[in-house]
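Subject: Structure handover

Hello,

I am passing this structure on to you. Please open it before you read the notes underneath.

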Amino acid sequence: MNRLLALAAPSLFLGLDASHAQTSLHKQRVDEQIDETSCASANWLSRTAQLAESTQSDVREAISSAIEICGDSARLNGNYVIAMKWWRRAADRGNTSTQMKLAYIYGEDRGGIPTDYAEAYKWYDIAAAIVGAKVDGLPVAASRNGAKDNSDQLWYRDQVAKHMTSEQIAEAQEVSP
């Protein structure tokens, strides 16, 4: 009964989008064969609904954020493999925060995930391109008044590049935007 209530309550303010969010998150878990215990399905819709309501964002962004939270939960439980699967799904949706997390883990040999500088470089580069494009779309006054630029992503990417050959960098850039 509590599970039904947890799923029904958020749908009251998200309407049809809540059903879409629940279906999308369930599909993410099934497609990636992700262990349900890393992010209990009863909590997915609730988290997505809370994110959508609190940030007034569209459901796609809320789903991406909920997927990131599932990855964060798995990482906090020490399961980097599951965390990386969740983060990859959010990163593929354009979530720059999870792109940075993926890059960091690939660059630091954390949680049993082997170091892969080309993957780290790729994800930092993708995040830099997305953030840069968002800043480029802002009016000049907004970008001068504290709008976030992509210097952090570029700095981290350049740190990873110090461990790579020019051929490895060129290869990583082929898959980046």
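Below are notes on a pocket, a group of aromatic rings and one lysine.

Please keep in mind that this is a predicted model.

The pocket

Start with the largest pocket. It holds about 170 Å³ of space. Its lining is made up of Arg60, Glu61, Ser64, Ser65, Arg93, Gly94, Asn95 and Lys134. Which element gives the most to this lining? Helix α4, residues 59–76, does, with 4 residues. By residue type, the lining has 4 charged and 4 polar residues. It has no nonpolar ones.

The aromatic rings

Next, the rings. There are 2 aromatic pairs in the model. One is Tyr124 with Tyr156, and it is stacked, because the ring planes meet at 20°, under the 30 degrees cut-off, and the centres are 5.6 Å apart. This pair links distant parts of the chain. Tyr124 sits in helix α7, residues 117–136. Tyr156 sits in helix α9, residues 151–161. The two are 32 residues apart.

The other pair is Trp155 with Tyr156. How are these two rings arranged? They are edge-to-face, with 80° between the planes. Their centres are 5.0 Å apart. Tyr156 takes part in both pairs. Ring pairs therefore link Tyr124, Trp155 and Tyr156 into a cluster.

Are the members of this cluster buried or exposed? Tyr124 is buried, because its relative accessible area is 4% and the limit for buried is under 20%. Tyr156 has 37% relative accessibility, so it counts as partly exposed. Trp155, at 49%, also counts as partly exposed, because exposed would need over 50%.

The lysine

Last, look at Lys122. It is found in helix α7, the helix that also holds Tyr124. Is Lys122 buried or exposed? It is buried, because its relative accessible area of 10% falls under 20%. What does its side chain touch? A polar contact of 3.3 Å joins it to the side chain of Glu119.

Where to look

If you want a short tour, try this order:

- Helix α4, for its 4 residues in the lining of the largest pocket.
- Tyr124 and Tyr156, for the stacked pair between helix α7 and helix α9.
- Trp155 and Tyr156, for the edge-to-face pair.
- Lys122 and Glu119, for the polar contact between side chains.

Best wishes

Notes:
Residues numbered from 1 in each chain as written. Predicted model: local features only at pLDDT ≥ 70, side-chain atom pairs only at ≥ 80, totals over all residues. Heavy atoms only, no water. 1 Å grid on protein atoms, 1.4 Å probe; cavity = no way out; pocket = protein on both sides within 12 Å on 5 of 7 lines; lining within 4 Å. Points joined across faces, edges and corners; volume = space filled by probe spheres on them. Nonpolar A, V, L, I, M, F, W, Y, C, P; charged D, E, K, R; others polar. Phe/Tyr/Trp six-rings, centres within 6.5 Å; stacked < 30°, edge-to-face > 60°. Buried < 20%, exposed > 50% of the residue type's maximum accessible area, 1.4 Å probe, protein only. Polar contact = N/O pair within 3.5 Å; in protein donor to acceptor, adjacent residues only side chain to side chain.
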